[in-house]
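Hi everyone, thanks for making time. Let me put the model up on the screen, and then I'll walk you through it.

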Amino acid sequence: MSKPRVAIFDFACCEGCQLQIVNLEEEILDLLTVVQPVEWREAMSDHSESYDIAIVEGSITRPEDEARLKQIRERAGILIALGACATLGGVNKLKDNFELEDVKRCVYGEAAAMPHLATARVKAVDEVVKVDFKVHGCPINNKEFAAIVRCLATGKTPVIPSYPVCVECKKRENVCRYEYQEICLGPLTRAGCNAPCPSAGFWCFGCRGAVDEPNVNAARDVMARYGRTVEDLKSRMLLFGSRQEFANV
Ligand code: SF4
Ligand code: SF4
Ligand code: SF4
């Protein structure tokens with residue numbers, strides 16, 4: 001059986017998630033036993049218009065990006081959104097807090113009026129095309145990425161955690177950041193990263209997006225127990241939360 005052909009594309013982002021793939025090092029050789037890369041600007045010079053799996057990193061920030069993304073979608077049997085920029089709009093969504101013309105002036109100065117410097121409201125990939133699977137995080141967890149690709153290449157459905165980061169955090173026996181009078185988004189955020197931030201003494205800032213069914217009552221209880229308000233919690237959702245819908249919190 002021939003190996004699925006895989007192409008990796010990037011839109012607006014820092015390419016840190018692709019770097020995480022490169023950081024797999026010798027594990028990439030294992031992946032090459034189950035997939036055939038045919039386009040990957042960061043690692044090879046080949047191009048192809050024929051692929052089975054498209055992996056898309058970055059968010060959609062310009063009008064012309066949408067046409068390119070739709071073309072990629074048409075050619076791919078499976079489309080994977082890679083990293084928070086692609087799955088949530090990521091840090092790029094911060095742009096949407098400002099007027100577009102102000103943003104352009106800030107970035108380009110007097111050149112902002114040049115017609116080719118178009119910009120638009122930021123969209124996650126699934127705001128433009130259908131996404132089949134998401135690899136969450138900023139950056140992604142490259143082991144999780146490898147497991148997802150291996151599953152898809154062998155006809156299995158990847159299991160993406162639908163429980164909160166707190167589960168992994170507690171397994172690591174961390175002292176909860178709330179005990180340090182901090183606010184942590186772990187109760188509302190999708191697990192799969194193995195809670196590196198609380199394990200290193202930081203609160204979770206929600207880079208993997210909302211868990212499927214956030215337990216908002218539990219979040220309210222935690223807030224109340226530590227003398228915090230729901231507004232305190234929402235104030236921590238700004239970095240990756242400009243689009244996350246914790247509407248009932
Ligand atoms: S999700 Fe984070 S690491 Fe990945 S490309 Fe976007 S900004 Fe970079
Ligand atoms: S709230 Fe944060 S620190 Fe506390 S258990 Fe959950 S993930 Fe860990
Ligand atoms: S702990 Fe939170 S912020 Fe840190 S990697 Fe996991 S989801 Fe992202």
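Before anything else, a bit of vocabulary: when I say nonpolar core, I mean a set of buried Ala, Val, Leu, Ile, Met, Phe, Trp, Tyr and Cys residues joined through C-beta atoms within 7 Å. Buried, in turn, means that 20 or more other C-beta atoms lie within 10 Å of the residue's own. And please keep in mind that this is a predicted model.

OK, so which residues have the most contacts inside the largest nonpolar core? They are I53, A54, I55, V56, I80, L82 and V125, in a core that counts 40 residues. Quite a few elements feed into this core: β1 (5-10), α1, β3 (53-57), α3 (63-75), β4 (78-82), α4 and α6 (142-153) each bring at least two residues. Let's zoom in on I53. Leaving out anything up to four places away in sequence, I53 touches P4, V6, A76, G77, I78, I80 and L152. There is also another core, apart from that one, with 17 residues, including C169, L188, C193 and A210.

Now the sheet. Here we have five strands making an open sheet, and the order is β2-β1-β3-β4-β5, with parallel pairing. At the edges you find β2 (36-40) and β5 (133-135); each has a single partner strand, so one side of each has no neighbour in the sheet. On average, and ignoring direction, neighbouring strands here are turned by 20 degrees against each other.

Let's go strand by strand, beginning with β1. Is β1 mostly covered or mostly open? Mostly covered, with five of its six residues buried. β1 runs parallel to β2, and four bridges join the two; in that pair, A7 sits opposite E39 of β2. With β3, β1 is again parallel, this time through five bridges, and I8 has I55 of β3 as its bridge partner.

Over at the other end, β4 and β5 pair in parallel over three bridges. I80, which we met in the core list, stands opposite F133 in β5. Then there's α6, which packs on the sheet and touches β3, β4 and β5; the directions of α6 and β5 make an angle of about 155 degrees.

Right, on to the ligands. What surrounds ligand 1? A shell of 13 residues, and the closest are C13, G16, G83, C85 and C138. Two elements give two or more residues to that shell, namely α1 (16-22) and α4 (83-88), and α4 gives the most, with three. By class, the shell around ligand 1 has eight nonpolar residues, three polar and two charged.

Ligand 2 has 14 residues around it, and C166, C169, C176, C184 and G186 come nearest. C169 should ring a bell, as we just had it in the 17-residue core. Which helix gives the most to the shell around ligand 2? That's α7, residues 165-171, with four residues. The class split for ligand 2 is 10 nonpolar, two polar and two charged.

And finally ligand 3. Its surroundings are G137, V165, T189, C193, A195, P196, C197, C204, F205, G206, C207 and R208. C193 is another one from the 17-residue core. Around ligand 3 the classes come out as eight nonpolar, three polar and one charged.

That's my tour, so let's go to your questions.

Note on methods
Residues are numbered from 1 along each chain as its sequence is written. Chains are lettered from A and ligands numbered from 1 in the order in which they are written. This is a predicted model: local features need pLDDT of at least 70, side-chain atom pairs count only at pLDDT 80 or more; totals for chains, interfaces and linings use all residues. A residue is near a molecule or strand if its C-beta atom, placed from the backbone, lies within 6 Å of it. Ala, Val, Leu, Ile, Met, Phe, Trp, Tyr, Cys and Pro count as nonpolar, Asp, Glu, Lys and Arg as charged, and the others, Gly among them, as polar. A residue is buried if 20 or more other C-beta atoms lie within 10 Å of its own, exposed if 12 or fewer, and partly exposed in between; C-beta atoms are placed from the backbone. Two residues are in contact if their C-beta atoms, placed from the backbone, lie within 7 Å. Two strands pair if DSSP finds at least two bridges between them. Axes are lines fitted to C-alpha atoms, for helices over the stretch in contact, and angles run from 0 to 180 degrees between N-to-C directions.
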